[in-house]
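Hi,

Here's the structure I promised to pass on. Have a look at it first, and then read my notes underneath.

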Amino acid sequence: MLVFIARRLFVSIWVFLASTVVVFFLSTRIRDPLADARQLPDGAREAAMAEISERMGLDDPVLVRYFNWLADVVTGDLGVDRQGQSVSAALEGAFTATLQLITGATVLAIVIGIAVGVISALRQYTALDQTVTFVAFVCFSLPMFWVGTLLKQFLALDFNDWLADPTISPLFVGGISLIVGLACGSLVVGDRRSRLTAFGSATAAMAVLLLVLSATEWFADPGLGPIVIALSAVGGALGFTTLVTGLEWQPPLKAALVTAGIGVVAALALGPVLEDPELLTVVGLALLTVAISGAVGWFLGGELYRRTAVPASILTGVFTGAVIFTDRMLQSFADYSESVGGRPISTIGAETPNYSGTFWESGLDSVGHLALPTLALVLISLASYTRYTRASMLEVMNQDYVRTGRAKGLSERAVVTRHVLRNGLIPITTLVAYDIGTIVGGAVLTEEVFGWSAMGSLLFQGIEQGDPMPIMAFFLVAGGAIVVFNMVADIVYAFLDPRIRLS
Amino acid sequence: MTRNAESGAPENELNAAHGMSVVARSQSQLVRRRFFRHRGALAGMVLFGLVVILAVTSIGAGPIPGWWDKDPTTTGSVVGEGRPTLSVLPGFLGGGGVHLGEHPFGQDNVGRDYFALTMRGAQVSLLIAVIVGVVATLVGTVVGALAGYFRGWTESVLMRITDVVIAVPTLLLAGLIGVIVAGRGVVLFAFFLGLCMWTQIARLVRGEVLSLREKEYVEAARSVGTSARRIIFKHILPNTVGIIIVSATLTIATAVLTESALSFLNLGVRPPDTSLGRLITDYRTALSVRPWLFYWPGAFIIAIALSVNFIGDGLRDAFDPRQTRVRD
């Protein structure tokens, strides 16, 4: 395995070096960097041209310029652009912004995409599966910049307008409830009657919920409250225990429920601390949550059930923490909304300029700015994860060992989570790794549409001025991500599937 | 596709039960049959055919005139704020009747007919996509086949070149080349775009060739002294044709989206040429005033990409029916 990694690393470094050569040569050829200096009046022209030539090294052959750049990069200096500004400094800010933009979107797309793909494979050839397939194809075919602009124009504006008077029209209530009901109905396995029951109760529940939310104007001043937090914590405990081991074993279930209980008590007790915390406090609390719930699982699980109780308990703990976090954020929504003039969903940039508020309010500010680009990015990348997961799951589900699992009487849950998921997700890990690599380069479009000044601005600045330095800085990150993640994908695949590394 | 399989299955069994004939079908017949049973693919074919016919016949191509009497470049007076006159709702349903009207897709701010403009854009986008598909498939197939067949040094060199191209984000590579060849016409641009998009096909073909070259019939051909060229082109490549066709189709779908993205970023097609992506950029600011200038090109991009993706999916199922229940 070590030999495999070393060989892969060696190849990657050379490949990356070769590609920097290609990009550098191309980017010196795009445009005459002296074009605007040539337009200057006679006296100033020579001086301006000489200054730019000096700064960009235009008098040297391209090869010399490349090696000068490479020598600088090795020492961590990305050079100066045509105006003499440090590219390293620009890259730092740009990279932070891009990272902020793509992290949430990538995680969301992966989680939702894989979940939908798994469900769609488990319900192969049902109406649900066909719908998912069709929607995935449509998402595949969407031009990102077109959807982004539409979202900006309509979703953001209309949503903000609607927030001024947050009542839901009956037509909307009916529509959403029907969709939710249909989804629930098609998820249930069983005869026509149980499916109809599921459809009916889900539709009714959703409709009642929406009507209540609308009547109480919940959307103007949202929040969850202790009762909903408690209910979701218990629900989370039951759900994660089912997922991890099934409800028939007492200790894991007990551990998860105790964790949920501790979470709810903590939510009430921590009230003052969470009023306006530091980022560090929140991170600390998150770590503490994992530690405590892990300990609960460890002790309540006992020797026999430790392996299932610990993950069930940790998942419940983290979930409960996330619910409390969301509740806090929702509670400060009204204040935030007021402070930005009742238009919380923003269409331009990464943050409201000169905005300052509590931890929760500046958090909401980021969320409001991230909402649309994230939605657009998720829509586009969701489709491929769904399709690949579905294909991979179906392939595994036809394997003999899955039939053996069923034949020896394993529960459906055990078959799916232990036999199918574990093997079906192996090819997905590689796909996800490849994809993450290309995301930095692909986010350029999203940044452009939503007016983020991030990695894309470096690229456009370089192309506009015929300046290789910003382009190379962009490429170091975007191309570097591709090379690194391709390597990671290969190594992870070899690690997960021994057939690769042994052959 | 399920319904077909389910309703088709009892019929087959019935035939077998009555001792009726079992039809022998060649490989290509099987593929065609499976393809035409794929409802999505069939719908995709129809939609794609309609778009192509509409784009080509309406304003004509080159010297051949089309049936649409307006020209994409002629400016004129703006009628009725340039709103689309297309109406599809019949009169008895409260609509304006079914007619095209003077400017079915509306007019832009200087009175150009937007239907003609969109058709022109669709023609260019389709042309670029097809050229990209052909170039990428040719390069990818040759690289993949040579690497897979000769192995050793050839393989190392070719696959490292592939890795280098993969390492550069497509938007960056194609964008730089797009700027360099700017103003020399869309065909050249499409050619270079194709040179940025062959890596996927090369990897797939190489994988197929690697397994095919170990087959007995290839060994047999080698043992009677068949030349490498003949083995590759006569014995190996025909067996990879499924993979090649499927990825060529999917490349075309990606090419439509990549071209429009590049044109949107001002790195692709430039005036005086136009394309669907270019139209969206040009009229991007008009969204709040004349939204139709924004809708039509986007709708055509989606129609082309969606139909080609569905065709690709149908072809994949047709060539590799392992995952579907469709009976032969």
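How far apart do the C-alpha centres of domain 1 of chain B and domain 2 of chain B lie? The answer is 35 Å. Before you read too much into any of this, keep in mind that it's a predicted model.

On the split itself: domain 1 of chain B covers 42-61 + 113-319, and domain 2 covers 82-111. Where they meet, nine residues of domain 1 of chain B are in contact with eight residues of domain 2 of chain B. On the domain 1 side, α4 (114-150) and α13 (292-319) of chain B each put in at least two residues. That side is made up of six nonpolar, one polar and two charged residues.

Now for the contact between the chains. Chain A brings 39 residues to it and chain B brings 33. Helices of chain A that each supply at least two residues to its side include α6, α7 (144-164) and α14, but α1(A) gives the most, with nine residues. By type, the chain A side has 26 nonpolar, nine polar and four charged residues.

One helix I looked at in more detail is α6 of chain A (residues 127-140). With 14 residues at 1.5 Å a residue, this helix should span 20 Å, and its end C-alpha atoms are indeed 20 Å apart. Its buried residues are A:V132, A:A136, A:F137, A:C139 and A:F140. Down the axis of α6(A), they fall within an arc of 160 degrees, so they line one face of the helix. They pack against α5 (87-122) and α14 (359-397) of chain A, and also against α13 of chain B.

Cheers

Notes: Residues are numbered from 1 along each chain as its sequence is written. Chains are lettered from A and ligands numbered from 1 in the order in which they are written. This is a predicted model: local features need pLDDT of at least 70, side-chain atom pairs count only at pLDDT 80 or more; totals for chains, interfaces and linings use all residues. Domain bounds come from an automatic or database domain assignment. Two residues are in contact if their C-beta atoms, placed from the backbone, lie within 7 Å. Helices (H or I, at least four residues) and strands (E, at least two) are DSSP runs, numbered from the N terminus. Ala, Val, Leu, Ile, Met, Phe, Trp, Tyr, Cys and Pro count as nonpolar, Asp, Glu, Lys and Arg as charged, and the others, Gly among them, as polar. The expected span of a helix is 1.5 Å times one less than its number of residues. A residue is buried if 20 or more other C-beta atoms lie within 10 Å of its own, exposed if 12 or fewer, and partly exposed in between; C-beta atoms are placed from the backbone. The arc is that of the directions from the helix axis to the C-beta atoms.
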